[in-house]
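Trainee: Before we go on, could you take me through the reasoning behind the labels used for this model, setting each value against its definition?

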Amino acid sequence: MAKKPIIAKLSDDRVLIFNRDGISRLNAKGYGELNDNFLSISLVESLYLVSKKWIKVKSKKDKFLSFEELYDYAHNIDEKLCIKYLVYKDLRNRGYTVKTGLKYGSDYRLYSRENIDEIHSEYLVKVFSEDRPCAISELTGFVRVAHSVRKKLIIAIVDDDGDIVYYNMGYLRL
C-alpha cells in the first residue's frame, strides 16, 4: 500500500471512502463493498486498515479517530467486536480475503489465498468466545446452512488470551 493513508469517513456502522485512487487500491485487495461512487467498508475492516496505517478515519465531526477511539465506537455497536476483530486480523494476516457472512448467518465468508478474484467463497466462518457456550442445535444449524450453499464451515474459538483455534465442521457420510 502507499505510504500516504487514505482518508475515510465514519457513517453509522460503516466507513466510506470517496477518493477514487483509494477505492481502487483497497477494492483491488478485496476490501469493502463497491458502490457507484464510494467504497463501503465494515468497522472490523476499518480497524484492521487503521492498524496497518492504510486509512485514517474521520468522525462525523471531522476529527480523525485513533484506533482506540474507533474500536470504542465500534464496540458500542457490536459487543462481539473484539473476538471478531482478532479472527479477521488473523485470517487477513494469513493471506485470506475476508468478507461479511451476514446473509449466511455467519460472521465471515472466506476466500482462497490463491485467487482473491473468485466469485464464490469457499468457507463460512462463525466466531465464538471460549467462555460462552454454544448449543449443539445452533451448531447444526450453521452446518446445515453451510452445506446448503456448498461451503465449508469453520468455527473460530477465541480464548481469553486472544488465541484462536479453528475447527472444520461438516457432515460426515459413512
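Mentor: In this predicted model, the largest pocket has a volume of about 540 Å³. Of the 23 residues that line it, those closest to its centre are Arg14, Ser42, Asp78, Lys84 and Thr100.

Trainee: What makes a residue part of the lining of a pocket?

Mentor: A lining residue has an atom within 4 Å of a point of the pocket. For the largest pocket, helices α2, α3 (67-77) and α4 and strand β7 (97-100) each supply at least two such residues, and at least three come from each of domain 1 (6-77) and domain 2 (80-169).

Trainee: How do the residues of that lining divide into nonpolar, polar and charged?

Mentor: The lining of the largest pocket has nine nonpolar, five polar and nine charged residues. In the second largest pocket, which holds about 180 Å³ of space, the lining has five nonpolar, one polar and four charged residues, and β9 (123-129) gives the most to it, with three residues.

Trainee: Lys80 and Phe128 both line the second largest pocket; how do you know that the charged end of Lys80 sits over the ring of Phe128?

Mentor: The charged end of Lys80 is 5.7 Å from the centre of the Phe128 ring, and the distance limit is 6 Å, with a further requirement of lying within 35 degrees of the ring normal. Lys56 is also placed over a ring, that of Phe64, with its charged end 4.6 Å from the ring centre.

Trainee: The count comes to eight aromatic pairs; why is the pair of Tyr48 and Tyr88 called edge-to-face?

Mentor: Their ring centres are 5.6 Å apart and their planes meet at 75°, and because pairing requires centres within 6.5 Å and edge-to-face requires over 60 degrees, the label follows. Tyr48 lies in helix α2 (residues 43-51) and Tyr88 in helix α4 (residues 81-93), so the pair ties together parts that are 40 residues apart in sequence.

Trainee: What makes Tyr48 and Tyr88 buried?

Mentor: The relative accessible area is 4% for Tyr48 and 1% for Tyr88, and because buried means under 20%, both values meet the definition.

Trainee: Why, then, is the pair of Tyr88 and Tyr108 called tilted?

Mentor: Here the centres are 5.9 Å apart, with 55° between the planes; because this angle is neither under 30 degrees nor over 60, the pair counts as tilted. Tyr88 in helix α4 and Tyr108 in strand β8 (residues 108-111) are 20 residues apart. Tyr31, Tyr48, Trp54, Tyr88 and Tyr108 form one aromatic cluster.

Methods: Residues numbered from 1 in each chain as written. Predicted model: local features only at pLDDT ≥ 70, side-chain atom pairs only at ≥ 80, totals over all residues. Heavy atoms only, no water. Phe/Tyr/Trp six-rings, centres within 6.5 Å; stacked < 30°, edge-to-face > 60°. Helix = DSSP H or I, 4+ residues; strand = E, 2+ residues; numbered from the N terminus. Buried < 20%, exposed > 50% of the residue type's maximum accessible area, 1.4 Å probe, protein only. 1 Å grid on protein atoms, 1.4 Å probe; cavity = no way out; pocket = protein on both sides within 12 Å on 5 of 7 lines; lining within 4 Å. Points joined across faces, edges and corners; volume = space filled by probe spheres on them. Nonpolar A, V, L, I, M, F, W, Y, C, P; charged D, E, K, R; others polar. Domains from an automatic or database assignment.
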